[in-house]
Amino acid sequence: MQRVGFVGWRGMVGSVLLERMRAEGDFRGFEPVFFTTSNVGGAPPAVGLDAPPLADAGDLAALSGLDVVVSCQGGDYTTATHGPLRARGWRGAWIDAASTLRMRDDAVIILDPVNRDVIDRAVDAGVRDFIGGNCTVSLMLMVMAGPIRAGMVEWISSMTYQAASGAGAKNMQELVRQMQVLGERAGTLATDPATGALALDSNVQETLRSDAYPVREFGVPLAASLIPWIDKAVADGQTREEWKGHVEANKILSLSPEVPIDGLCVRVGSMRCHSQALTIKLRRDVPIPELEAAIRASNEWAKIVPNEPDATRRDLTPVTVAGTLDVKIGRLHAMRMGKDHVAAFTVGDQLLWGAAEPLRRMLKLWLAR
Ligand code: HSE
């Protein structure tokens with residue numbers, strides 16, 4: 001029986017992974033081993049399969065005895081462990097949520113609903129490193145891979161609205177704490193119908209600018225504001241998050257020639273859904289119904305929301321999409337620039353298709369092969 005090691009299963013992405021695996025009845029037909037960086041010998045999580053006490057995540061000998069490692073532990077762990085493990089001659093499958101190995105030639109970025117063919121070719125060629133994509137990129141491709149692969153798309157500009165969860169669990173907590181402090185400081189100004197909007201606004205601005213406002217994680221207020229910068233600066237004025245859009249999307253779909261993808265990435269006060277406003281430049285005038293058909297044909301999770309007010313307000317929001325596997329796309333319409341420019345808005349849960357789900361499915365694919 002194959003032995004599968006899980007590292008980083010207690011963190012946010014790891015917890016969602018285990019939750020999804022339990023929900024799908026995935027814990028069968030293999031021997032799980034749970035690793036830890038802090039609690040060696042502790043009790044493993046209850047997954048319905050017998051598992052030994054927690055093993056040391058830094059123990060290369062223990063990791064070498066596995067057929068598969070699934071890591072949600074983060075980039076530092078990947079950097080410290082993957083190379084030395086391979087250097088020992090380990091030939092197992094490394095399935096990882098971190099970005100460290102993504103762009104290596106000998107790694108494939110996994111998003112099987114849209115790139116199963118790329119994954120299969122990589123496996124046949126001996127690739128053993130399977131890396132989850134950046135969440136924004138994966139969520140965009142879940143709805144746009146169909147039109148791209150049908151040759152309809154010349155380029156895409158994606159302006160993102162990214163959730164606090166993408167920055168980490170502590171950031172989600174800080175966002176809610178920021179909201180709480182705003183509410184506490186506003187007191188009855190937020191509820192008294194006689195309050196003037198300007199009085200309320202100055203109270204909020206004063207709170208946002210006070211030295212005591214909780215900004216340890218984000219560095220600046222997010223609640224009642226936004227942050228138009230994610231990750232570090234790279235070349236040409238882009239952030240690393242923006243750079244990933246083009247390079248990862250083209251690698252995931254193995255596109256040649258490449259389809260240019262670029263835009264600005266912005267953090268907003270959403271909890272776990274990333275949204276994106278897309279400008280899609282088409283190679284020809286594609287009627288919207290034809291574009292929608294290509295989106296639908298790509299995979300069963302891409303869901304189109306009619307470009308109507310009630311449907312949009314009800315269905316095309318982080319509130320509706322959070323915790324579901326649906327990736328929604330709506331507001332689809334030709335733009336004033338010409339029928340070959342189409343606007344769209346998309347929303348997806350960044351912890352599911354954006355992080356845990358491609359890993360869960362890759363493990364299943366690997367074990368079944
Ligand atoms: N980098 C993403 C973000 C999340 O900051 O929202 C991980 O893919």
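**Reading the ligand site and salt bridges**

By class, 2 nonpolar, 5 polar and 2 charged residues make up the shell around the ligand.

Biologist: Which classes are these, and what may I trust here?

Modeller: Ala, Val, Leu, Ile, Met, Phe, Trp, Tyr, Cys and Pro count as nonpolar, Asp, Glu, Lys and Arg as charged, and the others, Gly among them, as polar. This is a predicted model, where local features need pLDDT of at least 70, side-chain atom pairs count only at pLDDT 80 or more, and totals for chains, interfaces and linings use all residues. Residues are numbered from 1 along each chain as its sequence is written, and side-chain values use heavy atoms, with hydrogens and water left out.

Biologist: Which residues surround the ligand?

Modeller: A residue is near a molecule if one of its heavy atoms lies within 4 Å of it. Here N134, C135, Q162, G166, I230, E241, R267, H274 and Q350 surround the ligand.

Biologist: How do I read polar contacts with the ligand?

Modeller: Look for a pair of N or O atoms within 3.5 Å. A ligand oxygen is 2.7 Å from an N or O atom in the side chain of R267. For the H274 side chain, an N or O atom is 3.0 Å from an oxygen atom of the ligand. A polar backbone atom of C135 is also 3.0 Å from a ligand oxygen.

Biologist: And salt bridges?

Modeller: Side chains of opposite charge can pair when their charged atoms come close. The test is a side-chain nitrogen of Lys or Arg within 4 Å of a carboxyl oxygen of Asp or Glu. The whole structure has 20 salt bridges. Among them, R20 and E24 meet at 2.9 Å, N to O, and the closest N and O atoms of K281 and D340 are 3.3 Å apart.

Notes:
A polar contact is a pair of N or O atoms within 3.5 Å; within protein, one must be able to donate a hydrogen and the other to accept it, and residues adjacent in sequence count only if both atoms are side-chain atoms.
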